[in-house]
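Subject: Structure for you to look at

Hello,

Here is the structure you were expecting, with my notes below it. Please open it alongside the text.

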Amino acid sequence: MSTQPNNPLHGVKLEQIITELQAHYGWEYMGYQIKIRCFTENPSVKSSLKFLRRTPWARTKVETMYLDYLKKNKN
């Protein structure tokens, strides 16, 4: 198995990404930034995981939001 030292998403599970974003921003802000129902209507980690695993475009947006979050909190 090769390592990916320059990939900040390597080894990070989708559940961890959602949990960290929710703890930092909250569901309301996440739903405002990424307009998907799993963030705006009865949000939960479970429903978000189910949707994002089936929807590549939404997952990409969430991963981008997470990368921005990591950049802002590194300093």
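I start with the aromatic residues. Tyr25, Tyr29, Tyr66 and Tyr69 are linked into a cluster by ring pairs. Please keep in mind that this is a predicted model. Aromatic pairs number four in the structure. One of them joins Tyr25 and Tyr69 edge-to-face, with 6.1 Å centre to centre and 70° between the planes. Tyr25 belongs to helix H1 and Tyr69 to helix H5, so this pair links distant parts of the chain, 44 residues apart. Tyr69 is buried, at 13% relative accessible area, while Tyr25 is partly exposed at 22%. Trp27 and Phe39 make a tilted pair, because their ring centres are 5.8 Å apart and their planes stand at 40°. Trp27 is in helix H2 and Phe39 in helix H3, so the pair ties together parts twelve residues apart in sequence. Both rings belong to buried residues: Trp27 has a relative accessibility of 15%, and Phe39 has 1%.

Next, the core. The largest nonpolar core has 18 residues, and those touching the most other members are Leu21, Ile36, Phe39, Leu52 and Val62. Two or more residues come from each of helix H1 (14-25), helix H2 (27-33), helix H3 (37-40), helix H4 (45-54) and helix H5 (56-74). H5 provides the largest share, five residues. Outside its neighbours within four places in sequence, Val62 is in contact with Ile17, Leu21, Ile34, Phe39 and Leu52.

Helix H4 has two faces worth a look. Its buried residues are Ser48, Leu49 and Leu52. These three lie on the same side of H4, because the arc they cover around the axis is only 100°. They pack against H1, H2, H3 and H5. On the face turned away from that buried side, H4 carries the exposed residues Lys46, Lys50 and Arg54.

Which residue of H4 is buried with a relative accessible area of 0%? That is Ser48, and its side chain reaches the backbone oxygen of Ser44 at 2.9 Å. Not counting residues up to four places away in sequence, Ser48 touches Ile18, Trp27, Cys38 and Phe39. Two of these, Trp27 and Phe39, are the partners of the tilted ring pair above.

One loop residue stands apart in its backbone. Most residues other than glycine have a negative phi. Asn42 is not a glycine, yet its phi is positive, at about 50°. Asn42 sits in the loop between H3 and H4 and is exposed, with a relative accessible area of 71%.

As for charged pairs, the count is one salt bridge. It is between the side chains of Arg59 and Glu63, at 3.1 Å from N to O. Arg59 and Glu63 are four residues apart in helix H5, so about one helical turn separates them. Arg59 is partly exposed, with a relative accessible area of 30%.

Last, a distance. Thr60, also in helix H5, is partly exposed at 46% relative accessibility. Its C-alpha atom is separated by 15 Å from that of Gly31, and the two residues are 29 apart along the chain.

Regards

How values were computed: Residues are numbered from 1 along each chain as its sequence is written. This is a predicted model: local features need pLDDT of at least 70, side-chain atom pairs count only at pLDDT 80 or more; totals for chains, interfaces and linings use all residues. Side-chain values use heavy atoms; hydrogens and water are left out. A nonpolar core is a set of buried Ala, Val, Leu, Ile, Met, Phe, Trp, Tyr and Cys residues joined through side-chain atoms within 4.5 Å. Buried means under 20% relative accessible area, exposed over 50%, partly exposed in between (1.4 Å probe, protein chains only). Contact means heavy atoms within 4.5 Å. The arc is that of the directions from the helix axis to the C-beta atoms. A polar contact is a pair of N or O atoms within 3.5 Å; within protein, one must be able to donate a hydrogen and the other to accept it, and residues adjacent in sequence count only if both atoms are side-chain atoms. A salt bridge is a side-chain nitrogen of Lys or Arg within 4 Å of a carboxyl oxygen of Asp or Glu. Rings of Phe, Tyr and Trp (its six-membered ring) pair if their centres lie within 6.5 Å; planes under 30 degrees apart count as stacked, over 60 as edge-to-face and the rest as tilted.
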